[in-house]
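Trainee: Got a minute to go through this one with me? I'd like to start with the charges.

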Amino acid sequence: PSFLEVRNLVAGYGDKIAVDGISLSIKAGEHLSLLGPSGCGKSTTLRCIAGLETPLEGEIVIDSKVVFSSAKKINVPPEKRQLSMVFQSYAIWPHMTVFENVAYGLRAHKVRGEELKQRVATALAMVGMAELVDRPATDLSGGQQQRIALARSFAVRPKAMLLDEPLSNLDARLRVRMREEIKELQHQLGLCTIYVTHDQEEAMAISDRIIVMRSGRIEQIGAPLEIYDLP
Ligand code: ADP
Ligand code: ADP
């Protein structure tokens, strides 16, 4: 059974159509990438799944629940979709400590006290950042900040993780290292991930299946070794 279904998704900005009738299906635990050149609609697709953009048309089903339907006028808000997002810009709070950055999301999920401490510690250990727990986030490098953002994202136990070019701001060597770390996390967490990237090697390395997009449409879908003529 599929964990997530997107049917005939259309989305845009003003008169501009950014996503032009996309359908896709993801199995439980599957790691999918959306790959394609800048501007082809990857981010918009991901943001529609997350509930951060409202599609013009289509239907989105997560874990057997319709979260968006233009026909049925259903639009479940992002915080009720039980997904978490990681962005290119890290989006961590520089004035807070590493602990507070990870704890913030958990508090929003009403996790408190000893359980909060435990879950922050476990999440930080999983990204190799346990020793930095009391440091202000401003002290951290880009790679460290993105590890914190990853920890914050899975600490709340989402049903799936959506990653939008999470490594694009990092230098080439760190990108290669961190994609291995993300692969390891995928393995440990067993969650579905949807990973947006314009980097073919990154998509090949971390995906079970790749969807190649161009101009708002799907051009190819396949396992990494089945994809040809990559962008
Ligand atoms: P991406 O990394 O997804 O290619 P961009 O660098 O193109 O994103 O855009 C960065 C931000 O600017 C995003 O929040 C995007 O939604 C927004 N954006 C992109 N294109 C436009 C546009 N033509 N007008 C207004 N905002 C845009
Ligand atoms: P990708 O993630 O593949 O780079 P996007 O989904 O960010 O593509 O963008 C798809 C198209 O929509 C692009 O032409 C982009 O300029 C446009 N776009 C994205 N965000 C905005 C926005 N906030 N306002 C206007 N146009 C946007």
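Mentor: First, what counts: Lys and Arg are taken as positive and Asp and Glu as negative, with His and the chain ends left out. Also, this is a predicted model.

Trainee: Fine. How far apart are the mean positions of the positive and negative charges?

Mentor: They are 5 Å apart, for 28 positive and 28 negative charges in the protein chain.

Trainee: And what is the chain built from, in helices and strands?

Mentor: Six helices and 11 strands.

Trainee: What radius of gyration does the protein chain have, against that of a compact globule?

Mentor: The chain has 18 Å, and a compact globule of 231 residues would be near 17 Å, so the two agree. The C-alpha atoms fill a box of roughly 45 × 40 × 35 Å along the principal axes.

Trainee: How much of it is buried?

Mentor: 49% of the 231 residues. The accessible surface is about 11200 Å², and carbon and sulfur atoms make up 50% of that.

Trainee: What about contacts between residues 24 or more positions apart?

Mentor: Those account for 64% of the contacts with a separation of 6 or more.

Trainee: Switching to cysteines. How many disulfides?

Mentor: Zero.

Trainee: Why is Cys48 not in a bond?

Mentor: Because its closest cysteine sulfur, in Cys40, is 13 Å away, which is too far; the cut-off is 2.5 Å. Cys192 is in no disulfide either, with the sulfur of Cys48 nearest at 17 Å.

Trainee: Is Cys192 buried or exposed?

Mentor: Buried, at 3% relative accessible area. Cys48 is buried too, at 1%.

Notes: Residues numbered from 1 in each chain as written. Chains lettered and ligands numbered in written order. Predicted model: local features only at pLDDT ≥ 70, side-chain atom pairs only at ≥ 80, totals over all residues. Heavy atoms only, no water. Buried < 20%, exposed > 50% of the residue type's maximum accessible area, 1.4 Å probe, protein only. Helix = DSSP H or I, 4+ residues; strand = E, 2+ residues; numbered from the N terminus. Rg over C-alpha atoms; globule rule 2.2 N^0.38 Å. Contact = heavy atoms within 4.5 Å. Areas by Shrake-Rupley, 256 points an atom, 1.4 Å probe, with all protein chains shown as cover. Charge placed at Lys NZ, Arg CZ, Asp CG, Glu CD.
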